[in-house]
Amino acid sequence: MNTDIIEGKWEQLKGEIQRRWGKFTDKHLTEINGNRKILVGKIQEAYGIQRDEAEKQVAEWEEIRRTLNKKAS
């Protein structure tokens, strides 16, 4: 999933992101507003992890979404 897809489907993805990264509040989601770089930064900040680990988590989530979308098609 690339940045355009996250931005384009942001309203649909907010709940999923909040479930995946449970520390996110509505305020966090508003600040992220579909921007992948900000998402990674907020994960890093909220969970006290390195940027590489936050990037890895987002990439894994994106791959799961891609796989599910392929199965649904």
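The legends below accompany close-up views of a predicted model.

**Figure 1. Confidence of the predicted model along the chain.**
The mean pLDDT of the chain is 89, and 93% of its residues reach 70 or more. Among the elements of the chain, the highest mean pLDDT, 96, belongs to helix α4, and the lowest, 66, to helix α1, which covers residues 3–8. Where pLDDT is low, the predicted coordinates should not be read in detail.

**Figure 2. A salt bridge within helix α2, between Lys14 and Glu11.**
The whole structure contains 7 salt bridges according to the search, and the pair shown here is formed by Lys14 and Glu11, with closest N and O atoms 3.3 Å apart. Both residues belong to helix α2 (residues 10–20), where a spacing of 3 residues corresponds to about one turn of the helix. Glu11 is exposed, at 61% relative accessible area, whereas Lys14 is partly exposed, at 25%.

**Figure 3. A salt bridge between helices α5 and α2, formed by Arg65 and Glu16.**
The side chains of Arg65 and Glu16 meet with an N to O distance of 2.8 Å. Arg65 lies in helix α5 (residues 51–72) and Glu16 in helix α2, so this pair ties together parts that are 49 residues apart in sequence. Arg65 has a relative accessibility of 14% and therefore counts as buried, the cut-off for that class being under 20%. Side chains of opposite charge can pair when their charged atoms come close.

**Figure 4. A salt-bridge network that includes Lys42 and Glu31.**
Lys42 forms a salt bridge with Glu31, and their closest N and O atoms are 2.6 Å apart. The two residues are 11 residues apart and link distant parts of the chain, with Lys42 in helix α4 (residues 36–47) and Glu31 in helix α3 (residues 26–32). Lys42 is buried, with a relative accessible area of 15%, while Glu31 is partly exposed, with 34%. Through salt bridges that share partners, Lys27, Glu31 and Lys42 are joined into one network.

**Figure 5. The buried and exposed sides of helix α4.**
The 12 residues of α4 should span 16 Å at 1.5 Å a residue, and its end C-alpha atoms are indeed 16 Å apart, so the expected and modelled spans agree. The buried residues of this helix include Arg36, Leu39, Val40, Lys42 and Ile43. These residues lie on the same side of α4 because they cover an arc of only 165° around the axis. On the other side of α4, Lys37 and Glu45 are exposed.

**Figure 6. The two ends of helix α4, with Asn35 and Gly48.**
At the start of α4, a side-chain oxygen of Asn35 comes to within 2.9 Å of the backbone nitrogen of Lys37. The side chain of that same Lys37 is not the partner here; the contact is made to the backbone nitrogen. Just after α4, Gly48 adopts a positive phi of about 60°.

**Figure 7. The polar contact between Arg36 and Glu62.**
Arg36 is a residue of helix α4, and its relative accessibility of 15% places it in the buried class. The side chain of Arg36 makes a polar contact of 2.8 Å with the side chain of Glu62. Arg36 also appears among the buried residues of α4 described for Figure 5.

**Figure 8. The aromatic pair of Trp21 and Trp61.**
A search of the whole structure finds 1 aromatic pair. Trp21 and Trp61 form this pair in an edge-to-face arrangement, with 5.9 Å from centre to centre and 70° between the planes. The pair links distant parts of the chain, 40 residues apart: Trp21 is in the loop between α2 and α3, and Trp61 is in helix α5. Both partners fall in the buried class, Trp21 at 1% relative accessibility and Trp61 at 5%.

**Figure 9. Glu60 in helix α5 and its separation from Ser73.**
Glu60 is found in helix α5 and is partly exposed, at 40% relative accessibility. Glu60 and Ser73 are separated by 13 residues in sequence and by 20 Å in space, C-alpha to C-alpha.

How values were computed
Residues are numbered from 1 along each chain as its sequence is written. This is a predicted model: local features need pLDDT of at least 70, side-chain atom pairs count only at pLDDT 80 or more; totals for chains, interfaces and linings use all residues. Side-chain values use heavy atoms; hydrogens and water are left out. A salt bridge is a side-chain nitrogen of Lys or Arg within 4 Å of a carboxyl oxygen of Asp or Glu. Helices (H or I, at least four residues) and strands (E, at least two) are DSSP runs, numbered from the N terminus. Buried means under 20% relative accessible area, exposed over 50%, partly exposed in between (1.4 Å probe, protein chains only). A polar contact is a pair of N or O atoms within 3.5 Å; within protein, one must be able to donate a hydrogen and the other to accept it, and residues adjacent in sequence count only if both atoms are side-chain atoms. Rings of Phe, Tyr and Trp (its six-membered ring) pair if their centres lie within 6.5 Å; planes under 30 degrees apart count as stacked, over 60 as edge-to-face and the rest as tilted. The expected span of a helix is 1.5 Å times one less than its number of residues. The arc is that of the directions from the helix axis to the C-beta atoms. pLDDT is the predictor's confidence in each residue, from 0 to 100.
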